[in-house]
Every structure is written in structure tokens, then in C-alpha cells.
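User: I am new to this structure and would be grateful for a close look at one part of it. Please describe the salt bridges, and the setting of the residues that take part in them.

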Number of protein chains: 2
Amino acid sequence: MKRFAEKNLCENCPSRGQSVFHNYPKEQLAEVDRDKSCFLMKRGEIVFNEGNMPHGIYCIKKGKIKIYKTGNEGKDQIIRFAKEGDVIGYRALLSGEKYSSSASCLEETEVCFIPKTALLSMFSGHSCLAMNLMKVACHELGEASKIITNLAQKSTRERLAEIILVLKENFGLDKDGAIDVNLTREELANMVGTATESVIRLISDFKDEGLIELQGKKIIPKNISALIKTGKIVEA
Amino acid sequence: MKRFAEKNLCENCPSRGQSVFHNYPKEQLAEVDRDKSCFLMKRGEIVFNEGNMPHGIYCIKKGKIKIYKTGNEGKDQIIRFAKEGDVIGYRALLSGEKYSSSASCLEETEVCFIPKTALLSMFSGHSCLAMNLMKVACHELGEASKIITNLAQKSTRERLAEIILVLKENFGLDKDGAIDVNLTREELANMVGTATESVIRLISDFKDEGLIELQGKKIIPKNISALIKTGKIVEA
DNA sequence: TGAAAAACATGACAAATGTCATTTTCCCAT
DNA sequence: ATGGGAAAATGACATTTGTCATGTTTTTCA
């Protein structure tokens, strides 16, 4: 269930600076303000569903979203995350295909829907927007090839270590030093590409080995260099 | 080693019809003809290498290319293939990043290099080219999410069955009914994401079960519906 | 706030997959 | 055409990972 949220001006949106709209002329943002719809959503609520046709894109004003694909055994695979300033749903819209994955909120999230027609007229108005989106899509393609290679070649243990570090980079740490995102062990498993029990066991191992500490279910990365080593991470 | 090939006109290129240039105005193709360089390459020769900076894109006039990423144990992971009419190297160029993967010819292949400046001026000249490329990139992103989900959730046996069908669709069959692409068992393993020996064993099993036949090392798909079932393929 | 549901945790075992060693077959460059 | 090197094939075995069962803890919400 999407509940309408108050529409604020894009111009004043705190997340615009890091978004694909950062260099879009302010005067013309008013057109977006006119056409967009904003929604307030809670954890577990769905922004869009795999298999449906897209009619626009969603710009995230606040919150965290997981993008995932459901396998034919009904098990989800998390492909990536999106947060403030990110745009989601552009892949399906711009390829003219159905959504290849679903998007679900991980916490209280505010998204603005920009209809296809508005977006396309923005493209012609100012070509840097299309180029920005192209850049995002191409960057994501590179990320995807890394993920593919990791899934194909690394062990479960290595992948989990790497993902803990990726989550830390992506979401940062809260006041207790724990990774600031609310994920269940099952969701973690759906990212690593393994069974929930395997993730639980590995997290216990990591704790015993001093790589991490636990604060309830939240993970506190402790020994970063050991995590890097465990994850066999060699950044270019 | 790239050897220069005779430059033919893009306008007459047999693979232009299926390429991102299919709706580019013929008159303006002359500019590409002026700026491009064409190369003739043999199996195993490298078009570009992971980690290098791109200076343009490559358009494939004839032949087959594998796009792969080398893991940190030195093992390659094949991400995708490209053939006549496909464009490669656009991801790195348009994201402003280094090549995230390498490209190597699977057979005698002819490619035309289009420098960055020429490409960008083509973008501004006729915006449909940028949109075509965007569409390709976004489509590939959807393909990548399928691959990720398969690697994470399917068994090696299931993935191999699926890949045999994908290769059949992608490259077609030769006169003997065998999949028309020259891949070693190791390369197959680097696609499936498993050990070479595992692929060899599974191919033997598939043969014993009547799913495929072998013509030397080439694979002849025999029982398609059984392959679909084995690969647990449920197309949307 | 307290009962039910969900999430977390752990053990025991089975199944899948990888590794190493060895032999056979095929391909291609001289 | 042919000898050498690469690729394919197969066996034996180790290791990793998944599955099922069960108990505990945490969260949710009526």
C-alpha cells in the first residue's frame, strides 16, 4: 500500500545533490514538481513488482530499498540496494521491458514517482539527464559483472566477508559502530547466495575469530583488514 | 596483435541492420567511415583488456567474441558473448571507467573501432543513437540480474542445461545440428561457474541421458524439452 | 503486555562440488 | 604426416554446502 506523501519541491530536495538530477536546470524542475507523485512507505512494502510494466521511474528521497529477483523455487536473490538520491525502475522503462526485479523498502522510505512522459520530455529538454542515467546504467553493469564473478568463483565464506564490507561502505555505521541497515539473516543469505543456516554459522565463526562483533542481530565490523583478507578482496 | 583490415563503408555493412546504428542517417555514416579503423583478428586475440582505459567502442562486423572477467585466482568468468552487429566496450566508455572485463575473439573476427570523439559527436547529431545504446545497456542489466540469480540459486547441472540452450539460441546450429560456436570445456566451465571436470562429467551424463549428442567436442542438443526441464527454465 | 509468529541458532547428516592424479584423444604447427 | 602439447575424460577422495530437525530468542501487534 502506497500512501501519498506531501509533495515538496525537487529544488529543495536534500538528496538531489547526489542524484542524476544534480545538474538539471532548477527552473525546469518545476515541471517535475507538477507531474510527480510522492509516497511514504514502510518496511516490507513493495515499490514495484517483477513482471509488471513500468510507467515511470522512482526517485528515492529518503530511506533504503532492496532490489531483488525471485527465483523459480520462490527464493529471492538480492541484486542491489538503493538509497537517498538513487533512482530505481529506470532499467525496465528505458529498455522497454517488464520489471526484471522487485523493489521492497527496508525501512520507512519516501519515493517520488516521475511518469514516463515527463521523463522523456526532460531528456529532450536537457540531454545531460539522459547521459547521467546512461552513466548510472553503465556503472551498474560493471558492478553486475563483479557480482557474477564473485558468485561463480568465491566461496560462501569469502562472499559473506566481502558483503559485510560492502554493506559497511554503502550504509555506514550507526552510533554503536554497527552497520546501519536492517537486514535479516535470510536477507543476508539472499545476497550472498547461500542458505540462511550457512550465513548464521559463518557469522558465528566470524564472531569467534574476532572479525566482527554482534549487537543483537546487528553486525559490528571489528577487524577490517582480516575481513578484507578473508574476503580475498583485491581492489584495482 | 591487431592487423588492419580493409575499411568498407558502414552503409553497406551487412551487420548494420541489427546494430545500434540501424536507424542512423546514412549520409552521416560517412563521418564514421572517415574516423573508424577496422581490424582482422584470430581466435584468442584480445580486443581490449580489463583494467585499461577505453578510447572508443568496437563494432563487430563479423565473428564471435567472449567478454570475461579474470578473478583474483586467475580464473576467468565469461560474462557474455558478442557477435555480428553487437557493439562492445561501450560500458567502460560511457561510465568513464576502466574496462571491467576483457574481450577475446572465439574465431576469425572483424571489428571496427570508433573513437570516443566521433561517437560523442554522433550522439549530438542524432539522439536515437544514444537511446539505442541506452536500451542495449539497460537490457544487459536485466540479463545480468538473471545470471546472478541463476548462479546464486541453481545447481551446476541446472546451469549447464540452461547454458546449452542459451548457446543454441545465441549461435544457432551448424549443418550437423551442433551448436555453432567453438568453446572448450574450460570455457564452458567459466560460463557455468564451476570446475572444468564438473562440466566434463555433466556433459557425459547428459549424453548418457539422451539430452545431447556429441560430435567430437561439439554439442548437439537432442532432447530440448528435457533440457528445459533439467535447467528448470520457466520463461516469462 | 503477553501470546503467537518470526527470526536466530546449532547439531547431525546427506548431497553436491572441487581437487588431484592419471590416461586418452584430439588438434595444429613444423 | 606426424610429434608434441593442449584438451578431454575418468576415478578416488576431500571439502564445502545444503537440508532437516529442534530448541531458543526476539519481535510484533492485538
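Analyst: The following account begins with the salt bridges within the chains and then turns to the contact between chain A and chain B.

This is a predicted model, in which local features need pLDDT of at least 70 and side-chain atom pairs count only at pLDDT 80 or more, while totals for chains, interfaces and linings use all residues. Residues are numbered from 1 along each chain as its sequence is written, chains are lettered from A and ligands numbered from 1 in the order in which they are written, and side-chain values use heavy atoms, with hydrogens and water left out.

Over all chains, the whole structure holds 35 salt bridges, a salt bridge being a side-chain nitrogen of Lys or Arg within 4 Å of a carboxyl oxygen of Asp or Glu. One of them joins Lys66(A) to Glu187(A), at 2.9 Å from N to O. This pair links distant parts of the chain, 121 residues apart: Lys66(A) belongs to strand β5 (residues 64-70) of chain A and Glu187(A) to helix α6 (residues 185-192) of chain A. Here helices (H or I, at least four residues) and strands (E, at least two) are DSSP runs, numbered from the N terminus. Lys66(A) is buried at 11% relative accessibility, and Glu187(A) is buried at 7%; buried means under 20% relative accessible area, exposed over 50%, and partly exposed in between (1.4 Å probe, protein chains only).

Lys66(A) is also among the residues that Ser104(A) touches, contact meaning heavy atoms within 4.5 Å. Ser104(A) lies in strand β8 (residues 102-105) of chain A and is buried, at 5%.

A second pair in chain A is Glu162(A) with Lys154(A), at 2.6 Å from N to O. Glu162(A) is buried at 15%, and Lys154(A) is buried at 11%.

In chain B, Lys218(B) forms a salt bridge with Asp174(B), with the closest N and O atoms 3.5 Å apart. Lys218(B) lies in strand β11 (residues 218-221) of chain B and Asp174(B) in the loop between α5 (156-171) and α6 (185-192) of chain B, so the pair ties together parts 44 residues apart in sequence. Lys218(B) is partly exposed at 26%, whereas Asp174(B) is buried at 19%.

Between chain A and chain B the count is 1 salt bridge: the side chains of Glu73(B) and Lys232(A) meet at 3.9 Å, N to O. The contact takes 40 residues from chain A and 40 residues from chain B.

Technical notes:
Lists of a residue's contacts leave out its neighbours within four places in sequence.
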